[in-house]
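Q: Hey, I'm new to this one. Can you walk me through it?

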Amino acid sequence: MTFQVHRVAVIGAGTMGVGIAQAAATAGWHTLLTDARPEILPSALLSIGKTLEGAVTRGKLAADERDRIRERISIVNSIAEASRNADLVIEAVIEDLGVKQGVLAEVARVVSDTALLATNTSSLSVGALAAGLPRPARLVGLHFFNPVHLMRLVEIVIHDLADDSTREDALSVVKALRKEAVVVKDSPGFASSRLGVVLGLEAIRMVEQGVASPADIDRAIELGYNHPMGPLRLTDVVGLDVRLRIAEYLHSTLKEDQYQPPELMRRMVAQGELGKKSGKGFYEWPEG
């Protein structure tokens, strides 16, 4: 029997959480969005509205469908309220093992036994996140990519305690979202982050060494390897702070030199040059 989703909770209203909430509502699901900072929730809704409006303007979305998607998204002020009656809960908070464990433990106290729990981690051990839960087999990694409404890939991460039904349910969720799934074993960085971070870090080292400008490095990859976006622009979009945390985690777990964050990256993060969200990274990002 296909896993039925009617109600979705998204925990975390940052860039990824907002995108995931929009994707869930677009799939036809009633979506509840929450965050530990309730004050940011109204702006999260505005961000979703702006993205939808842009799709209408470009002729990608009908105005009546825009309105239906908006109506399916609600904001609530607590994890318990968001999760209690959810069929699917997707955690999309900061890339920190302890924070994610705390959120998932809170979710697990109120969800039904049949609910599917998912973490949007891009590198952390899904097995470690599952280990402390009362039903560890029902947690899966669903690694979305930014921007969620444009990126087709979702990386499904299966840990040793997950069962076959969890894998199949995760596949049906990704299909309902009209995205493409790849299934990977739970290991540091999975497939996408291990590959993508290496490219991004090497590009930063090339800037550090004066090999070429950020724009020319990106153009070399875009034109030479047909990537839609170069590694430095992508780092700006993801956030230098986010990529730094991923690199530090991979370096500490895999013990391989290619994951050592360059000093330039550390300096930029320390100076608040985080990329698109701060207005400056390897590129300037005018507001709006």
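A: Sure, what follows is a chat about the sheet, the helices around it and a few odd spots in the backbone.

Q: What kind of model is this?
A: It's a predicted model.

Q: OK, the sheet then. In what order do the strands sit?
A: The order is β3-β2-β1-β4-β5-β6-β7-β8, so to speak your map for the rest of this chat. Those eight strands form an open sheet, and the pairing is mixed.

Q: Which strands are at the edges?
A: β3, residues 73–75, and β8, residues 180–185. Each of them pairs on one side only.

Q: And how much is the twist from one strand to the next?
A: It averages 25 degrees.

Q: Let's look at β1. How many bridges join it to β4?
A: Four, with β1 (residues 7–11) and β4 (residues 88–91) running parallel. To find one of the pairs, look for V10, whose bridge partner in β4 is I90.

Q: What about β1 and β2, in what sense do they pair?
A: Parallel again, over five bridges. There, V8 has T31 of β2 as its bridge partner.

Q: Is β1 buried or exposed?
A: Four of its five residues are buried, so β1 is largely enclosed by the rest of the structure.

Q: Moving along the sheet, how do β4 and β5 run?
A: They run parallel, joined by four bridges. V89 is a handy marker, since its bridge partner in β5 is L117.

Q: Which residues of β5 sit on which side?
A: In β5 (residues 116–119), L116 and A118 are on one side, with L117 and T119 on the other. All of these are buried, and both faces of the strand are covered.

Q: Why do they split up like that?
A: In a regular strand, side chains alternate between the two faces of the sheet.

Q: Now helices. Which strands does α3 lie across?
A: β2 and β3. Helix α3 covers residues 63–72 and runs at about 35 degrees to β3.

Q: Next topic: where do α8 and α9 meet, and at what angle do they cross?
A: Helix α8 is residues 192–208 and helix α9 is residues 214–224; their axes come within 10 Å and cross at roughly 140 degrees. Angles over 145 degrees would count as roughly antiparallel, and α8 and α9 are therefore oblique to each other.

Q: Is that crossing left-handed or right-handed?
A: The crossing of α8 and α9 is right-handed.

Q: Which residues make the contact?
A: From α8 there are L199, A203, M206 and V207, and from α9 there are P214, I217 and I221. By type, the contact of α8 with α9 has seven nonpolar residues, no polar ones and no charged ones.

Q: You mentioned odd spots. Where's the cis peptide bond?
A: Between N146 and P147, with omega at about 0 degrees. P147 is in the loop between β6 and β7.

Q: Which residue in the loop between α9 and α10 should I look at?
A: Try N226 in that loop. N226 has a positive phi of about 65 degrees, although it is not a glycine.

Q: Is N226 buried or exposed?
A: N226 counts as exposed, because its relative accessibility is 68%.

Q: And what is phi for K255?
A: Near 60 degrees, a positive value in a residue other than glycine. K255 lies in the loop between α11 and α12, and K255 is exposed, with a relative accessible area of 65%.

Methods:
Residues are numbered from 1 along each chain as its sequence is written. This is a predicted model: local features need pLDDT of at least 70, side-chain atom pairs count only at pLDDT 80 or more; totals for chains, interfaces and linings use all residues. Side-chain values use heavy atoms; hydrogens and water are left out. Two strands pair if DSSP finds at least two bridges between them. Helices (H or I, at least four residues) and strands (E, at least two) are DSSP runs, numbered from the N terminus. Axes are lines fitted to C-alpha atoms, for helices over the stretch in contact, and angles run from 0 to 180 degrees between N-to-C directions. Contact means heavy atoms within 4.5 Å. Angles under 35 degrees count as roughly parallel, over 145 as roughly antiparallel, 65 to 115 as roughly perpendicular and the rest as oblique. A crossing is left-handed if the near helix is turned anticlockwise from the far one by less than a right angle, and right-handed if clockwise. Ala, Val, Leu, Ile, Met, Phe, Trp, Tyr, Cys and Pro count as nonpolar, Asp, Glu, Lys and Arg as charged, and the others, Gly among them, as polar. Buried means under 20% relative accessible area, exposed over 50%, partly exposed in between (1.4 Å probe, protein chains only).
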